[in-house]
Amino acid sequence: MKNEYKSFIRNYLISSSLYDFIFAYAIYTVFFSINGLSPFEISLILAWWAFVSVILEIPSGALADHWSRKKLLVIAPIIKSFCFIIWVFAKGNIYLYGLGFVFWSIGSAFVSGTSEALLYDHIVYYNKKENYEKILGKKKFYLYVGNALSVALGGIIAHYSLEWTLILSIIPLLLSSIFATLIKEVRKVESTEDIHYIDHIKEAYKEVKNNNKLFYLLLYSLGISIFRNLEEFDQLYYELIKVPLFYFGFLATIYFGVSAIGSKYAHKFKNSNRIFWLFPLLSWILLIFVGMSPSIPMILFLMLSYFIISPLRTLNDAKIQHTIKSQSRATVTSIDSLFLNLFGIIFVVLAGIVSKLWNLEAIYTWTWILLILFSIWSLLKRNFLS
């Protein structure tokens with residue numbers, strides 16, 4: 001049993017890390033810009049990306065609860081790889097970039113609710129439930145470390161060829177699929193053998209509606225997703241302040257590195273409720289300077305804001321898993337992703353409009369307004385977030 005558990009952890013961590021070991025992460029937003037897309041057009045295809053994910057999230061979560069979580073993790077990386085193949089031939093065509101995002105969204109939808117639900121199933125099966133926050137933090141740590149290494153290499157590759165940055169991103173995805181095949185599938189928490197596919201969707205929505213704590217935790221996810229959406233514009237910010245393309249990968253490495261550290265040690269804050277409103281408040285203060293004084297030194301403030309917020313993602317995800325009581329764990333987790341993508345659509349469209357009416361740095365300026373409102377809300381709802 002002990003060897004089985006170690007084998008699962010090893011294969012699970014490698015597969016999940018390789019899924020996001022993507023060289024193209026270092027340059028894909030600025031890749032669109034170099035190929036002729038404006039910040040507003042980029043915001044539109046990012047919104048399209050989130051919109052497709054919204055459509056797919058709940059059905060894919062229900063599929064994971066009804067069918068096989070392992071098989072979805074095997075299929076997802078292969079589907080995602082088609083995105084980068086299409087982008088190689090897009091040559092500035094916004095519609096082909098949008099088509100590529102469709103395949104990326106399908107792959108991500110298959111993974112989003114499935115991965116954490118599969119992990120929770122195994123943690124319970126091997127009687128390690130009390131260590132869930134620590135193991136989830138370790139997963140995110142290795143994922144971010146993989147991100148950091150891939151974007152560092154991606155920036156170097158992009159310096160010589162943007163197209164090869166896309167092509168080489170396919171290899172880790174295929175390896176992710178191979179390691180997913182090595183995962184031993186165990187019984188789901190709360191057997192779902194007699195539950196029909198559509199019943200998972202009904203049961204998940206019912207739980208979100210009736211479980212107040214779960215509902216507020218999902219809302220909290222929306223708040224901290226401000227940073228995930230804001231990060232999509234960082235490459236354009238670097239371009240604005242004249243950072244050479246060669247260093248884009250290095251800066252992305254710093255971003256993923258600080259996120260990895262914050263995730264790894266997140267479990268040490270599991271009993272602290274104060275950080276759920278205090279950390280967003282501190283991040284808000286840092287973003288004021290980033291938006292009002294765009295310059296290379298402000299990158300440090302931007303990275304600090306990401307570092308401060310990173311433990312909250314792991315802790316909140318863990319609280320959501322512990323709070324779910326129904327049999328439709330992957331579907332409920334997918335509802336979280338659905339909310340995030342809906343909010344993402346609104347965010348990137350508004351960001352595109354702001355950049356069109358004012359300028360790019362204005363995106364960072366109005367983001368801190370959202371964060372101060374979120375900090376106040378988190379303080380008022382701190383009892384539900386405990």
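**Exercise 1. Place Ser17 and find its partners.**

Start with one atom pair: a polar atom of the Ser17 side chain lies 3.4 Å from the backbone oxygen of Tyr142. A polar contact is a pair of N or O atoms within 3.5 Å; within protein, one must be able to donate a hydrogen and the other to accept it, and residues adjacent in sequence count only if both atoms are side-chain atoms. The model is predicted: local features need pLDDT of at least 70, side-chain atom pairs count only at pLDDT 80 or more, and totals for chains, interfaces and linings use all residues. Residues are numbered from 1 along each chain as its sequence is written, and side-chain values use heavy atoms, with hydrogens and water left out.

*Solution.*
- Step 1: find the element. Ser17 sits in helix 1, residues 2-19. Helices (H or I, at least four residues) and strands (E, at least two) are DSSP runs, numbered from the N terminus.
- Step 2: check burial. Ser17 has a relative accessible area of 10%, so Ser17 is buried. The cut-offs are under 20% for buried, over 50% for exposed, and partly exposed in between (1.4 Å probe, protein chains only).
- Step 3: list contacts, meaning heavy atoms within 4.5 Å. Not counting residues up to four places away in sequence, Ser17 touches Tyr142 and Leu143.

**Exercise 2. Which residues do Ser16 and Leu18 touch?**

*Solution.*
- Step 1: take Ser16. Ser16 belongs to helix 1. Its relative accessibility is 10%, so Ser16 counts as buried. Leaving aside neighbours within four places in sequence, Ser16 contacts Lys139 and Leu143.
- Step 2: take Leu18. Helix 1 holds Leu18 too. Leu18 is buried because its relative accessibility is 16%. With residues up to four places away in sequence left out, Leu18 touches Pro172, Leu173, Leu175, Ser176 and Phe179.
- Step 3: add a distance. Leu18 and Tyr142 are 124 residues apart along the chain, and their C-alpha atoms are separated by 9.5 Å.

**Exercise 3. Describe the largest nonpolar core.**

*Solution.*
- Step 1: define the core. A nonpolar core is a set of buried Ala, Val, Leu, Ile, Met, Phe, Trp, Tyr and Cys residues joined through side-chain atoms within 4.5 Å.
- Step 2: name its hubs. The largest core has 124 residues; Phe32, Phe84 and Trp87 touch the most other members. Helix 14 (residues 298-323) gives the most to this core, with 11 residues.
- Step 3: look around Phe84. Its contacts, not counting residues up to four places away in sequence, include Ile22, Ala24, Trp104 and Leu166.

**Exercise 4. How many cavities of 30 Å³ or more does a search of the whole structure find?**

*Solution.*
- Step 1: count. The search finds 2. On a 1 Å grid over the protein atoms alone, a cavity is a set of points where a 1.4 Å probe fits but cannot get out; lining residues have an atom within 4 Å of a point. Grid points are joined across faces, edges and corners, and a volume is the space filled by probe spheres set on the points.
- Step 2: take the largest. Its volume is about 1500 Å³. Of its 49 lining residues, Asp20, Ser108, Ser112, Leu143 and Arg228 lie nearest its centre. Helix 15 (residues 329-357) gives the most to this lining, with 7 residues.
- Step 3: take the second largest. This cavity holds about 80 Å³ of space. Its lining includes Tyr25, Glu231 and Phe256. Helix 12 supplies the largest share of this lining, 5 residues.

Key:
On a 1 Å grid over the protein atoms alone, a cavity is a set of points where a 1.4 Å probe fits but cannot get out, and a pocket is an open set with protein on both sides within 12 Å along at least five of seven lines; lining residues have an atom within 4 Å of a point.
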